[in-house]
Amino acid sequence: AILEVSETASKEVIEKAYKVLAKKYHPDLQTPENKANAENQMKKINEAYDILSDDAKRKEYDVNLEIKREEERQKREKHNTQVNNNFSGY
């Protein structure tokens, strides 16, 4: 999301997005009032690029993302079951 690419984006797409965003948010190209925000955004962009451009780090990220999504799905399912059980007596 930070690099504004899909989860299945190729390395080439990721690199191009990184370059576009790095140019857009480079602190040296900002007005003084936007510089702090740009620096913060560049840290996020650099971190995202570092992970997604490295095959091993990207694989680990994808696995962790899938685990997180499964945990969230299970929480929603549990919540929905509880809600349904609470209303089943009415």
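These legends accompany several close-up views of a predicted model.

**View 1. Overall fold of the protein chain, an all-in-order run of α-α-α.**
The protein chain holds three helices and zero strands. Helix H1 covers 11–25 and has a segment before it. Helix H2 covers 35–52, with a loop between H1 and H2. Helix H3 takes in residues 55–87. Along the principal axes, the C-alpha atoms fill a box of roughly 65 × 35 × 15 Å. The radius of gyration is 20 Å, whereas a compact globule of 90 residues would have one near 12 Å.

**View 2. Surface, burial and contacts across the protein chain.**
Of the 90 residues, 18% count as buried. The chain exposes about 7300 Å². Carbon and sulfur atoms supply 50% of that area. Take the contacts between residues at least 6 apart in sequence: 42% of them join residues at least 24 apart. Charge is spread over 17 positive and 18 negative side chains. The centres of the two sets lie 2 Å apart.

**View 3. Arg-58, a buried charge without a salt bridge.**
Arg-58 sits in helix H3. Which side chain of opposite charge is nearest to Arg-58? That side chain is Asp-62, 4.1 Å away. The salt-bridge rule asks for a nitrogen and a carboxyl oxygen within 4 Å, so the pair is not counted. Beyond its neighbours within four places in sequence, Arg-58 is in contact with Glu-7, Thr-8 and Ala-9. Ile-14, Ile-51 and Leu-52 are also in contact with Arg-58.

**View 4. Arg-69 and Glu-7, a salt bridge between distant parts of the sequence.**
The side chains of Arg-69 and Glu-7 meet at 2.1 Å, N to O. Arg-69 belongs to helix H3 and Glu-7 to the segment before H1, so the pair ties together parts that are 62 residues apart in sequence. Arg-69 counts as partly exposed, at 37% relative accessibility. Glu-7 also appears in View 3, as one of the contacts of Arg-58. In general, side chains of opposite charge can pair when their charged atoms come close.

**View 5. Lys-57 and Asp-50, joined by a salt bridge.**
The closest N and O atoms of Lys-57 and Asp-50 are 2.8 Å apart. Are these side chains buried or partly exposed? Lys-57 counts as partly exposed, at 35% relative accessibility. Asp-50 is also partly exposed, at 39%. By residue number, Asp-50 falls in helix H2 (35–52). Lys-57 falls in helix H3 (residues 55–87).

**View 6. Glu-70, Arg-73 and Glu-77, a network of salt bridges.**
What separates Arg-73 from Glu-77 along helix H3? The two are four residues apart, so about one helical turn lies between them. Their side chains meet in a salt bridge of 2.8 Å, N to O. Arg-73 is partly exposed, with a relative accessible area of 33%. Glu-77 is partly exposed too, with 46%. Glu-70 is linked into the network with this pair. Across the model, the count of salt bridges comes to six.

**View 7. Glu-4, a residue with positive phi.**
Glu-4 has a phi of about 60°, although it is not a glycine. Where does Glu-4 lie? Its place is the segment before helix H1. Glu-4 is exposed, with a relative accessible area of 57%.

**View 8. Asn-34, in the loop between H1 and helix H2.**
Asn-34 is partly exposed. Its relative accessible area is 37%. How far apart are the C-alpha atoms of Asn-34 and Ser-6? They are separated by 27 Å. Along the chain, Asn-34 and Ser-6 are 28 residues apart.

**View 9. Lys-59, an exposed residue of helix H3.**
Lys-59 has a relative accessible area of 60%, which is over the 50% cut-off and therefore counts as exposed. Lys-59 and Pro-32 are 27 residues apart in sequence. In space, C-alpha to C-alpha, Lys-59 and Pro-32 are 38 Å apart.

Notes: Residues are numbered from 1 along each chain as its sequence is written. This is a predicted model: local features need pLDDT of at least 70, side-chain atom pairs count only at pLDDT 80 or more; totals for chains, interfaces and linings use all residues. Side-chain values use heavy atoms; hydrogens and water are left out. The radius of gyration is taken over C-alpha atoms; the globule rule is 2.2 Å times the number of residues to the power 0.38. Buried means under 20% relative accessible area, exposed over 50%, partly exposed in between (1.4 Å probe, protein chains only). Contact means heavy atoms within 4.5 Å. Accessible areas come from the Shrake-Rupley method with a 1.4 Å probe; for residues, only the protein chains shown count as cover. Lys and Arg count as positive and Asp and Glu as negative; His and the chain ends are not counted. The place of a charge is taken as NZ of Lys, CZ of Arg, CG of Asp or CD of Glu.
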